[in-house]
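Q: Could you take a close look at one part of this model for me, starting with a single pair of residues and working outward? I'm in my first year, so plain language would be great.

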Amino acid sequence: MPDFHRVDGSVGGVVDEFVDEFVDGGDLVVRLPGAPSQVARARGVVTDALGRDHPLHDDVVLLTSELATNAVLHTRSGAGGSFTVSVTSSPSAVRVRVEDAGSDGPPCVCRTGAQSTSGRGLPLIEALSHRWGFTRENGSTTVWFELLLAGVAAVAV
């Protein structure tokens, strides 16, 4: 039985409509060695998928970097394994998934002290993403997040 966790930031818990927006979007999926140097390559995957001019580029790069770092530092991916970065985009949103080689426990949204040098990645993802979650199945963990493009209303002049 897989472990599953989802944080849904949508109003009223509407989830399925948002997920359907990715049906026609394009995916870029890249498997990377579980080495610290590959976190920069994970950021490059985002740039390759979205382009630097995409309005969500910087936030997606930041959050992807956090997930890739977690995969390397806190899972078996960093012990000679690998991790996979998947970027999916639609006209209104971006979803990133990072699948790693698993660990002994589930990802933790731990609150850390002001002097701590780690433990801020998942709280950052929780704060900046529209929705995020993880699944643990068959020895691997996939952590994902989604960011929405904010619509800008036209103003009459």
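A: Let's start with a pair of side chains: Thr-88 and Asp-27 are joined by a polar contact of 2.5 Å. Keep in mind that this is a predicted model. Thr-88 belongs to strand E3, which covers residues 82-89. Is Thr-88 buried or exposed? Its relative accessible area is just 2%, and the cut-off for buried is under 20%, so Thr-88 counts as buried.

How far can you trust the picture? Averaged over the chain, pLDDT is 79, and 70% of the residues reach 70 or more. Strand E4 has the highest confidence, with a mean of 96, while helix H1 (residues 16-20) has the lowest, with a mean of 34. Across residues 1-24, pLDDT stays under 50, and the model has 42 contacts beyond four places in sequence for that stretch.

Now for the nonpolar side of things. In soluble globular proteins, nonpolar side chains tend to be buried together. The largest nonpolar core here has 27 residues, and the members that touch the most others are Val-60, Phe-83, Val-85, Val-87, Val-96 and Phe-145. Which elements give two or more residues to this core? They are helix H2 (38-50), H3, E3, E4, H4, E5 and E6. Helix H3 gives the most, with seven residues.

Val-96 makes a handy example. Leaving out residues up to four places away in sequence, Val-96 touches Val-60, Thr-64, Val-85, Ser-86, Val-87, Val-143, Trp-144 and Phe-145.

That list takes us to strand E6, residues 140-148. E6 is mostly covered, with eight of its nine residues buried. Look at who pairs with E6. E4 and E6 run antiparallel to each other, paired over eight bridges; one of the matched pairs is Val-98 with Val-143 in E6. E5, residues 131-137, also pairs with E6 in the antiparallel sense, over seven bridges. Here Gly-133 has Trp-144 as its bridge partner in E6, and Glu-137 has Ser-140. E5 and E6 make a hairpin with two residues between them, and Asn-138 in that turn has a positive phi of about 55°. E5 is mostly covered too, with five of its seven residues buried.

Helix H4 (121-128) comes into this picture as well. Its buried residues are Gly-121, Leu-122, Pro-123 and Ile-125, and what covers them includes helix H3 (57-74), E5 and E6.

Now zoom in on the charged side chains. The model has three salt bridges. In one of them, Arg-95 meets Glu-146, with the closest N and O atoms 2.6 Å apart. Arg-95 sits in strand E4 and Glu-146 in strand E6, so this pair ties together parts that are 51 residues apart in sequence. Glu-146 also forms a salt bridge with Arg-131, again at 2.6 Å from N to O. Arg-131 lies in strand E5, so its link to Glu-146 in E6 ties together parts that are 15 residues apart in sequence. Because they share partners, these salt bridges join Arg-95, Arg-131 and Glu-146 into one network. And where does that network sit? Arg-95 and Glu-146 are buried, and Arg-131 is buried along with Glu-146.

There is one more salt bridge to visit, between Asp-104 and Arg-76, where the closest N and O atoms are 3.5 Å apart. Asp-104 is in the loop between E4 and H4, and Arg-76 is in the loop between H3 and E3, so the pair ties together parts that are 28 residues apart in sequence. Asp-104 has a relative accessible area of 78%, so it counts as exposed. Arg-76, at 40%, counts as partly exposed.

Finally, a residue from the loop between E4 and H4: Gly-102. Its relative accessibility is 1%, so Gly-102 counts as buried. Setting aside residues up to four places away in sequence, Gly-102 touches Thr-75, Arg-76, Gly-139, Ser-140 and Thr-141. The C-alpha atoms of Gly-102 and Thr-142 are separated by 8.4 Å, though the two residues are 40 apart along the chain.

Definitions and conventions. Residues numbered from 1 in each chain as written. Predicted model: local features only at pLDDT ≥ 70, side-chain atom pairs only at ≥ 80, totals over all residues. Heavy atoms only, no water. Helix = DSSP H or I, 4+ residues; strand = E, 2+ residues; numbered from the N terminus. Buried < 20%, exposed > 50% of the residue type's maximum accessible area, 1.4 Å probe, protein only. Polar contact = N/O pair within 3.5 Å; in protein donor to acceptor, adjacent residues only side chain to side chain. Contact = heavy atoms within 4.5 Å. Pairing = 2+ DSSP bridges. pLDDT = per-residue confidence, 0-100. Core = buried A, V, L, I, M, F, W, Y, C linked by side-chain atoms within 4.5 Å. Salt bridge = Lys/Arg side-chain N within 4 Å of Asp/Glu carboxyl O.
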